[in-house]
Amino acid sequence: MTSRDTTDRAAAVGPPVDLLPEVRSDMTHQLRATWVVTRRELLRFKQDKARMVTMLLQPLLFIFVMGTGLGSIVNTGGGTSFRTFLFPGVLATSVLFTAAFAGISLVWDREFGFLREMMVAPISRASIIWGKCLGGAIVATGQSLVLLALVGTVGIPYSPVLLLELIGCLFLGALLLTALGVLLSTRIKTIQAAMPISQLLIMPMMFLSGSLFPISGLPEWLAVLTRLNPLTYVVQPMRHFTLGQLNLTAAEQERLVPVLTWFGWEVPIGVQLLAVAVITLGLISMAARVFRTTE
Amino acid sequence: MSNAVRGPAIEVHGLTKTYKSGDSAVEAVRGIDLRVEAGQTYGFLGPNGAGKSTTIEMLCTIRNPTSGTARVAGFDVVRERDQVRRRIGLVFQQQTLDLQLTAEQNLRFHADLYGLGRADARRRIDEVLEMVALADRRSDAVMKFSGGMKRRLEIARGLVHAPQVLFLDEPTIGLDPQTRAAIWDYLHDLRQRTEITVFVTTHYMDEAEHCDRIAIMDHGEIAVEDTPEALKSSIGTDRIALRTDDDELAIARVRERLGVEAGVHEGQVTIAVADGAQVVPRLFTELGVGIRSVTVTRPSLDDVFMTYTGRTIRDSEGPQKFVPPFAGRR
């Protein structure tokens, strides 16, 4: 510390123009602001150990209790256990919950006043939305890594490529759900309304994504609904990557990882993931627009 | 750090805000003019629904005016929004801290939002925490703080980016008297060490005494604006309150012998006179009525407020819906 700080505090606390940062280019400024908001999400998560444990419990129940319990009556058409089939779906489901919750937390920010601190800062509304989405998605992905580490327990080898593929999918799915949660929060203003409405959205998305059952041989109405659900295009690639590690019989392949089609066209995995990315970007920019005009 | 030649901290011309409510439009702020010199502590008073909050929100760039202009720290609040935002500090009525984070993390977040460099941020955070005496609690989650500590932290946060103008909206509301006094100590301290301009709203008239100048807003307009001393002498009268054995006789005698009208307020005979101390002896000699107690009150800002708004500040507290009182006045 220099002597200025101790001897001349008046000058130090004064309105020193030197403290005002250079006006950077708009883009740099926006990115920086986005990162600041993102980092808050990470900090908050670090502070909240309980959230981690509770959010992990549910997927474990799905895989090891439901997966084992139902496994005896579910015929996978080969040697693959139902638990193995279930794993990628439950992994995706786990980010579904944590990510949607992270997005909805914007309602809490508003209710507890902190949103105002961000709203009056010299940053754009879009950076707040982007920061919330990225922060929520990183946190949700990070949480799912614990579950991902258990992949060996369902008979899937720890392949680095597979892990990277899954992490990529998880992040994309998490960003999708956080964006959806944030978009909801721009419309819903009270905590009381936010919880039931998000449940109303999350549960159907979970069931209609094929996370708990294969999307082959579904009745027409159910097949249509699963294809309308963006989460399907996260779950299917994840299952494709995971079960691709095993030597499935043709029957199993057909039954467990059927080829997803749009009006008869076999949709490549890359296109599925691209669709999710496009929808996510759409949701984020929609949220930013609503936020800018209504808040 | 030359502040020698500087324009006014706040300069407002014809500022108007109209809200649409259904078919009718409500004029919350009706073309006000305001000028706050740099370095002043400026009190902004008024009953609820007078348009205070709307005015502050326009000055802080939270709301856009319907018409008129406002410049804060030399920049236009609409066209140069971010320039204004970088130069003002805000402390709101409702708390806006992240309770889950520590005091220091809250300040750090703020410094980052305002784009302070790492070294500047560290130095400023140390300084402001020291100033509000929270340096030893910097690593505690804000959740564990008392109401007064949270408020102090918010004031500290408003100062992190070294603003030229600090806006405080009811900074002491809901706090106990000791904490209120402590907060004003910080503000005095701040003013002595810096040339910061402080723009403050309050419901506590005793706090308004701390201000260099005061504006009283009512019905969307500035009712009066001056120094506290000038405002008090402008209404000019001391108030004498008497408990007597016979109020009616006392009132008649006061009229007859002192030539002043008296009335009964809260069970006491009340007289308004220019210099109370001189009148009291005459009451005992000339009234001929048994006097049980006498109180002389110098005019207070409460009286000023009462005179210009027709309400006491306490009457005006509590949630009230804005009703345009004189819709056809302008």
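**Two chains and their contact: a predicted model**

Good morning. I begin with a packing arrangement in chain B: helix α1, residues 52-59, lies across β1, β2 and β4 of that chain, and its direction makes an angle of about 120 degrees with β1(B). Please keep in mind throughout that this is a predicted model.

The strands beneath that helix deserve a description of their own. In chain B, four strands form an open sheet in the order β2-β1-β4-β5, and their pairing is antiparallel. At the edges stand β2 (24-36) and β5 (75-76) of chain B, each of which pairs on one side only. As a general reminder, strands of a sheet pair through backbone hydrogen bonds, in either a parallel or an antiparallel manner. Within this sheet, β1(B), residues 10-21, and β4(B), residues 67-72, run antiparallel and are joined by five bridges. To find the register on your screens, look for Thr16(B), which stands opposite Ser67(B) in β4(B).

Let me now step back to chain B as a whole. Its secondary structure comes to eleven helices and 14 strands. Measured out along the principal axes, if I may put it as a computed span, the C-alpha trace of chain B covers about 75 × 50 × 40 Å. The chain has 330 residues, and buried residues make up 42% of them. Of the contacts in chain B with a separation of 6 or more, 70% are between residues 24 or more positions apart.A second strand pair in chain B is worth a closer look. Strands β9 (213-218) and β10 (221-226) of chain B run antiparallel and are joined by five bridges. Here Ala215(B) stands opposite Glu225(B) in β10(B). The two strands form a hairpin with two residues between them, and in that hairpin His219(B) takes a positive phi near 50 degrees. His219(B) is not a glycine, despite this positive phi. Is His219(B) buried or exposed? It counts as buried, because His219(B) has 20 C-beta neighbours inside 10 Å, and 20 or more is what the buried class requires.

Another residue of chain B shows a positive phi without being a glycine: Ala133(B), at about 55 degrees. Ala133(B) lies in the loop between α4 and α5 of chain B. Its surroundings hold 13 C-beta neighbours inside 10 Å, so Ala133(B) counts as partly exposed.

Lys144(B) is also found in the loop between α4 and α5 (147-159) of chain B. Why does Lys144(B) count as exposed? The reason is that Lys144(B) has 11 C-beta neighbours inside 10 Å, and the exposed class takes residues with 12 or fewer. Along the chain, Lys144(B) and Thr102(B) are 42 residues apart, while their C-alpha atoms are separated by 9.3 Å.

I turn to chain A. Chain A has 13 helices and two strands. Its C-alpha atoms fill a box of roughly 80 × 40 × 35 Å along the principal axes. Of its 295 residues, 43% are buried. Residues 24 or more positions apart account for 84% of the contacts in chain A with a separation of 6 or more.

From chain A I have chosen one helix, α4(A), residues 49-71. It has 23 residues and reaches 33 Å from its first C-alpha to its last, close to the 33 Å expected at 1.5 Å a residue. Where is the kink in α4(A) centred? It is centred on Leu61(A), and the angle is about 30 degrees. The buried residues of this helix are Met55(A), Pro59(A), Phe62(A), Ile63(A) and Gly67(A). Among the elements that cover them are α5 (82-111) and α7 (125-148) of chain A.

Finally, I come to the contact between the chains. How many residues does each chain bring to it? Chain B gives 35 residues and chain A gives 30 residues. On the side of chain B that touches chain A, α2 (81-87), α3 (103-113) and α4 (118-131) of chain B each supply at least two residues. The largest share of that side, four residues, comes from α3(B). By class, the side of chain B that touches chain A has 15 nonpolar, ten polar and ten charged residues.

To close, I would ask you to look at two places in the model: the helix α1(B) lying across β1, β2 and β4 of chain B, and the kink in α4(A) centred on Leu61(A). Thank you.

Notes: Residues are numbered from 1 along each chain as its sequence is written. Chains are lettered from A and ligands numbered from 1 in the order in which they are written. This is a predicted model: local features need pLDDT of at least 70, side-chain atom pairs count only at pLDDT 80 or more; totals for chains, interfaces and linings use all residues. Two residues are in contact if their C-beta atoms, placed from the backbone, lie within 7 Å. Ala, Val, Leu, Ile, Met, Phe, Trp, Tyr, Cys and Pro count as nonpolar, Asp, Glu, Lys and Arg as charged, and the others, Gly among them, as polar. Two strands pair if DSSP finds at least two bridges between them. Axes are lines fitted to C-alpha atoms, for helices over the stretch in contact, and angles run from 0 to 180 degrees between N-to-C directions. The expected span of a helix is 1.5 Å times one less than its number of residues. The bend at a residue is the angle between axes fitted to the seven residues ending there and the seven starting there.
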